[in-house]
Amino acid sequence: MGENKRKRGRKPKTPADDNPTTAAASAAMDFQYTNPTTAAAAAATDVVSVPSSAASDLGGNQLSRRGRGRPRKIEDQAEIAISSPERRSSRHLDQNGEVPHSVAGVVSEPPLTVPRWDSVVRVVPSMDAVVKVFCVHTEPNFSLPWQRKRQYSSSSSGFIIGGRRVLTNAHSVEHHTQVKLKKRGSDTKYLATVLAIGTECDIAMLTVSDDEFWEGVSPVEFGDLPALQDAVTVVGYPIGGDTISVTSGVVSRMEILSYVHGSTELLGLQIDAAINSGNSGGPAFNDKGKCVGIAFQSLKHEDVENIGYVIPTPVIMHFIKDYEKNGAYTGFPILGVEWQKMENPDLRSSIGMSPDQKGVRIRRIEPTAPESNVLRPSDVILSFDGINIANDGTVPFRHGERIGFSYLVSQKYTGDTALVKVLRNSEILEYNIKLSTHKRLIPAHIKGRPPSYYIIAGFVFSAVSVPYLRSEYGKEYEFDAPVKLLDKHLHAMAQSVDEQAVVVSQVLVADINIGYEDIVNTQVLAFNGKPVRNLKTLASMVESCNDEYLKFNLEYDQIVVLQTKTAREATLDILATHCIPSAMSDDLKT
């Protein structure tokens, strides 16, 4: 008994006390209780008197915390949170122990009371519009394109906007088979329909047909683009719990950012509020309760802390207006040129620029871009829609800020025209250019469609895309993929709208293809002497071939030769062996 007896007033040491991570989390929890923002919000709410016995239930955990001290007694809490009749009387006894006439039966000071929970909600009504998004994904299998991967579930955040619509991230509902939404404080999940997915800007729009979902919720209002150091509050349902979470910070940077999901560069906000898994799609509010962005990605690196990124309102409004204008998402247009900075004075003088002229030099022009008919390499772009471009490719943005001129292009819509002023051979020319979306030889996405494939004699032909490279070589595909494919991914330009990079992705081993088993992800250049423009063209040529042999010209001067009749007969057996339903994907049959 004596050995196990604890000294009075001491708390037994637990293993968690020795764990620095746990200790840090505990310290953070203590700090959370004394958060002045929380205290100010509580002070602003309506209050109601409650019996003294309720003090431990309502205020025991929050009001009794003193950081690293002993908790106050319950009666001490009651003194802070409650003003009961007994305590009021004891405070006002006179020297004879009697209640003075001036205060007998009268409350002489306002009672200190605890907040009523239904009034706490009214302090931040915008939070009620934040919903939890549940999605079941079934991703395509690019390595085995005739089937899909095992389904998995994810949860993220979203918020209600006007017109019975909900916004979230595109990557939150990509390859969805089912999407459900749950409102704050509700136990019901409502089936949702995906209206549009903006891959480039990582925004998706949803709706719910059930009228009950929209009852009692006010849509979120959008605010203006915030300035540096403006306070932002990110609301969502991140990992670590099931209820709503709020993190605060400030806008620390504003520039053209790389959108990882869309492989594009658009305007973005950098904030120092924590953004974790599950925060994706949640709104970022300013201090007036208006939405100024959507949380969508964070920077994970050993040298950085609390760097999160938010899609700002100009990008969000572009997505919404694009959908309303066209009935579908059409994308962000680009200028379709590669350009070079003109900061070197010798370079500027050699190209005929005067000292007061500034701009950027065109290196290459996309052959599929509309401006390829009027612009030429070595033209110097001086201005875009009347706004002068500096030698480093930036334009004035706001007071004391500059931003890449691609921001001006991204503010346009597909099909819009823009006035471009260029310098060519010391002569200034102006062109009205019609803007369109980017056509890449190796696309960043296949826009939710299943991957294309064609099989003959065990040879699986596929069209290369970024998801295909990621499936074959993992997240580090930019380091592990073949150099030839990476060069095409980074630098090659499509010569026509329908051009694709077609490869032999693998060889399903059979007697017919002996000796060819090691061919993997090698590009097909020609078939029977005719160039291969895309996968559909290749499938059509092979299916209609009446020659004795099928001859494929591959990269590095490799050739594959198969007897036509034998190859077609062997294909049926190979499909049956590998349980493949068809020798080609549905999009190649039409």
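Which residues of strand 29 make up the covered face, and which the uncovered one? In this predicted model, L550, F552 and L554 sit on the covered face of strand 29 (residues 549-554), while Y549, K551 and N553 lie on the uncovered one.

The neighbours of strand 29 help to place those faces. Strand 27 (residues 522-527) runs antiparallel to strand 29, and three bridges join the two; here V524 has L554 as its bridge partner. Strand 29 also pairs with strand 30, again in the antiparallel sense, this time over five bridges. In that pairing F552, from the covered face, stands opposite V560 of strand 30. The hairpin of strand 29 and strand 30 has four residues between the strands, and Y556 takes a positive phi near 60° there. Y549, from the uncovered face, turns up again at the surface: together with I559 and V561 it makes a nonpolar patch of about 260 Å². I559 belongs to strand 30 (residues 559-563) and counts as partly exposed, with 45% relative accessibility.

Stepping back to the whole chain, there are 17 helices and 30 strands. Of the 590 residues, 43% are buried. The chain exposes about 32100 Å², and carbon and sulfur atoms supply 50% of that area. As for contacts between residues at least 6 apart in sequence, 62% join residues at least 24 apart.

Another part of the chain holds an open, antiparallel sheet of seven strands, in the order 7-6-3-4-5-9-8. Strand 7 (189-191) and strand 8 (193-198) are the edges; each has a single partner strand, so one side of each goes without a neighbour in the sheet. From one strand to the next, the twist averages 35°. At one edge, strand 6 (residues 176-183) pairs with strand 7 in the antiparallel sense over three bridges, with K189 of strand 7 as the bridge partner of K182. Helix 9 (residues 313-326) packs on this sheet and touches strand 4 (152-161), strand 5 (165-168), strand 8 and strand 9 (203-207); its direction makes about 50° with that of strand 9.

A salt bridge also links helix 9 to the sheet. The side chains of R165 and E324 meet at 3.1 Å, N to O. Since R165 lies in strand 5 and E324 in helix 9, the pair ties together parts 159 residues apart in sequence. The two ends differ in cover: R165 counts as buried because its relative accessibility is 14%, whereas E324, at 49%, counts as partly exposed.

The count of salt bridges comes to 14, and two others are worth a look. E338 and R363 meet through their side chains at 3.5 Å, N to O. This pair links distant parts of the chain, 25 residues apart, with E338 in strand 16 (residues 337-340) and R363 in strand 17 (residues 360-365). E338 is partly exposed at 22% relative accessibility, and R363 is partly exposed too, with a relative accessible area of 43%. The other salt bridge joins R424 and D379, whose closest N and O atoms are 2.8 Å apart. R424 is in strand 22 (residues 417-424) and D379 is in the loop between strand 17 and strand 18 (380-384), so the pair ties together parts that are 45 residues apart in sequence. Both R424 and D379 are buried. Finally, salt bridges that share partners join E338, R363 and R364 into one network.

Conventions: Residues are numbered from 1 along each chain as its sequence is written. This is a predicted model: local features need pLDDT of at least 70, side-chain atom pairs count only at pLDDT 80 or more; totals for chains, interfaces and linings use all residues. Side-chain values use heavy atoms; hydrogens and water are left out. Patches are made of residues with over 30% relative accessible area and no salt bridge: like charges are joined within 9 Å, nonpolar side chains (Val, Leu, Ile, Met, Phe, Trp, Tyr) within 5 Å. Accessible areas come from the Shrake-Rupley method with a 1.4 Å probe; for residues, only the protein chains shown count as cover. A salt bridge is a side-chain nitrogen of Lys or Arg within 4 Å of a carboxyl oxygen of Asp or Glu. Buried means under 20% relative accessible area, exposed over 50%, partly exposed in between (1.4 Å probe, protein chains only). Contact means heavy atoms within 4.5 Å. Two strands pair if DSSP finds at least two bridges between them. Axes are lines fitted to C-alpha atoms, for helices over the stretch in contact, and angles run from 0 to 180 degrees between N-to-C directions.
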